[in-house]
Amino acid sequence: MPLPPELDPAAVKRWRSSSGAVVDLLAQARELGGVSAVRLGPRPTVLVTAPEAVQHVLAHHPDRYVKRSHRARVLVGDGVLSATGEPWKRQRRLLQTQFTGAGIRRYEQRIAGAARRAADHWAQCARTGTPTDVGEDMRFFALDTIWRSLTGHPLDETTNRELAAVEAVGAALPTTPSASTDAAELRAAVAADLARIDAVAEQAIAAARRGEAGPEGPGLLRVLVDAGKSCPEYTDPLIRDELVTLLAAGHETTAKTLSWLYLLLDRHPEARHWALGAGAAGSAERERAIRALVSETLRLYPAAWLIPRHATEDDTIAGYRVAAGTDIFVCPYLTHRDPALWPEPEQFDPERFTTVEEDRRPSRHGAYYPFGIGARACLGAQFAMREMTVLLEHLLPAFTPSFRAVPTSAVFGITVRPDGPTPATITLNPDDS
């Protein structure tokens, strides 16, 4: 039997690490096929977008395609996001119990409290005519939610100000996982921001160790501290890394998704009316429609637009030979915009997610994976969907933001974010409930 072919050398493209070059490669990759060779730094790289190949890499063979580390390691250390091997398995098992359906119910009141706070802020802006930045409001809501869940305390202004350093460090990280960046040099550049984050984490961990519960009761941080009683590896440094991982991963992707959603609703106001008209307030029908708004936003702007893996052995992906040592980049951003899978893929159409019709939404596994798939899929996916749905149930009926300026492009970093601020005035819609 002949060997499967190697990837076509003529398809190899050179990809620099700037965000603009990322856009260039994404445009090129549409023409290269579902499994294509690219040149990204010194190592051979394969870009994967075809559903079957996505399944092969992420779901079927996680032992062959491993996560070596994470470009955010300077921020999250040995937290579950960057951990590998047996440490990752232990950390994942501990946290998984907190993010199942039953686990999320423990935090339901905290999510609702953060959503009410956001609604109160928009109500005040509407009454006074004070402009606000929608992206910043979404960031505050998401950070407030995860802070309440971790500590039992609503987010205060001092902590919010100090934890802005999380986003500052994220902005300094390399655009692509294989970009050449000296870790020591990067750490020195963000040392002041890391010190601010560490100070917040140290205070929160010390309070949890003293058994101090916030007004909303003990939080997830107490679970991490208690784990040290039976698992000696849960020292303060590891608890710090898990805390910062949950803070960073638990708010930035949610905030960016909500920001994109409001920008999309600004261009497609009929989608808001469709969701609210699906059912009465609190009904399952309305909740389903609101979740469809979120799902369609995640299709266009997936929380993790690029998922890196490393081939540990020779293998074949979709009929092509892949050598051990090859970097694999699975790209949901491209899969979700593939016209062979998604009719009118650039169109914002949340009704795709309330129908089972193949001509609106593909049923193939690996065609939609905004939180990844397989063993290392995002463990907070259900939590994120729940908090976004709850917030929108509060905001959509009562308020409409009118943007004073709209970003014209996307920036590809750890997440896909709007290129610029999102200032808006808030209008009350008391009758649209």
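**Figure 1. Glu-344, an exposed loop residue with a positive phi.** With a relative accessible area of 61%, Glu-344 is exposed. Everything shown here and in the other views comes from a predicted model. Glu-344 sits in the loop that runs between α15 (332–335) and α16 (381–395). Its backbone deserves a look too: the phi of Glu-344 is near 45°, a positive value in a residue other than glycine. For context, most residues other than glycine have a negative phi.

**Figure 2. Ala-318, a second loop residue with a positive phi.** Here we move to the loop between β6 (315–317) and β7 (320–322), where Ala-318 is found. The phi of Ala-318 is near 50°, again a positive value in a residue that is not glycine. Is Ala-318 buried or exposed? Its relative accessibility is 53%, so Ala-318 counts as exposed, given that the cut-off for exposed is over 50%.

**Figure 3. The whole chain, as a setting for the close-ups.** Let us step back for a moment. The chain has 16 helices and 12 strands. Of its 433 residues, 53% are buried. Among contacts with a separation of 6 or more, 73% are made by residues 24 or more positions apart. The views that follow include several such pairings between distant parts of the sequence, among them Ile-426 with Thr-132, which are 294 residues apart.

**Figure 4. Helices α10 and α11, crossing at roughly 70°.** Two packed helices are described by the angle between their axes and the distance between the axes. In this view the axes of α10 (residues 191–209) and α11 (residues 220–227) come within 9 Å, and they cross at roughly 70°. The two helices are therefore roughly perpendicular to each other, since that label covers angles from 65 to 115 degrees. Which residues of α10 meet α11? They are Ala-204, Ile-205, Ala-208 and Arg-209, and their partners in α11 are Leu-221, Arg-222 and Val-225. Sorted by class, this contact has 5 nonpolar and 2 charged residues, with no polar ones.

**Figure 5. Leu-194, a buried residue of helix α10.** Staying with α10, we now centre on Leu-194, which has its place in this helix. Leu-194 counts as buried because its relative accessibility is 8%, below the 20% cut-off. Beyond its neighbours within four places in sequence, Leu-194 is in contact with Val-74, Leu-75, Val-169, Arg-187 and Arg-240. Ala-165 is also worth finding in the view: its C-alpha is 7.2 Å from that of Leu-194, and the two residues are 29 apart in sequence.

**Figure 6. Leu-238, a buried residue of helix α12.** Leu-238 is found in helix α12 and is buried, having a relative accessible area of 11%. How far apart are Leu-238 and Gly-79 in space? Their C-alpha atoms are 6.8 Å apart, although 159 residues separate them in sequence. Setting aside residues within four places in sequence, the contacts of Leu-238 are with Asp-78, Gln-91 and Glu-233.

**Figure 7. The largest cavity, with a lining that draws on helix α12.** Rolling a probe the size of a water molecule over the atoms shows where empty space is left. In this model, the count is 1 cavity of 30 Å³ or more. The volume of the largest cavity is about 40 Å³. Which residues line the largest cavity? Its lining consists of Thr-253, Lys-256, Thr-257, Tyr-301, Pro-302, Ala-303, Thr-415 and Val-416. Helix α12 (residues 236–267) gives the largest share of this lining, with 3 residues. By class, the lining has 4 nonpolar, 3 polar and 1 charged residues.

**Figure 8. His-56, a buried histidine in helix α2.** Helix α2 (residues 51–60) holds His-56, which counts as buried at 15% relative accessibility. Not counting residues up to four places away in sequence, His-56 touches His-61, Arg-64 and Tyr-65, along with Asp-315, Thr-316 and Ile-317. Readers may recall strand β6 (315–317) from the Ala-318 view.

**Figure 9. Ile-426, a buried residue of strand β12.** Our last stop is strand β12 (residues 423–428), the place of Ile-426. At 7% relative accessibility, Ile-426 counts as buried. Apart from its neighbours within four places in sequence, Ile-426 is in contact with Trp-122, Cys-125, Ala-126, Thr-132, Phe-399, Thr-400 and Pro-401. One of these, Thr-132, lies 294 residues from Ile-426 in sequence, yet the two are 7.8 Å apart in space, C-alpha to C-alpha.

Conventions. Residues are numbered from 1 along each chain as its sequence is written. This is a predicted model: local features need pLDDT of at least 70, side-chain atom pairs count only at pLDDT 80 or more; totals for chains, interfaces and linings use all residues. Side-chain values use heavy atoms; hydrogens and water are left out. Axes are lines fitted to C-alpha atoms, for helices over the stretch in contact, and angles run from 0 to 180 degrees between N-to-C directions. Helices (H or I, at least four residues) and strands (E, at least two) are DSSP runs, numbered from the N terminus. Angles under 35 degrees count as roughly parallel, over 145 as roughly antiparallel, 65 to 115 as roughly perpendicular and the rest as oblique. Contact means heavy atoms within 4.5 Å. Ala, Val, Leu, Ile, Met, Phe, Trp, Tyr, Cys and Pro count as nonpolar, Asp, Glu, Lys and Arg as charged, and the others, Gly among them, as polar. Buried means under 20% relative accessible area, exposed over 50%, partly exposed in between (1.4 Å probe, protein chains only). On a 1 Å grid over the protein atoms alone, a cavity is a set of points where a 1.4 Å probe fits but cannot get out, and a pocket is an open set with protein on both sides within 12 Å along at least five of seven lines; lining residues have an atom within 4 Å of a point. Grid points are joined across faces, edges and corners, and a volume is the space filled by probe spheres set on the points.
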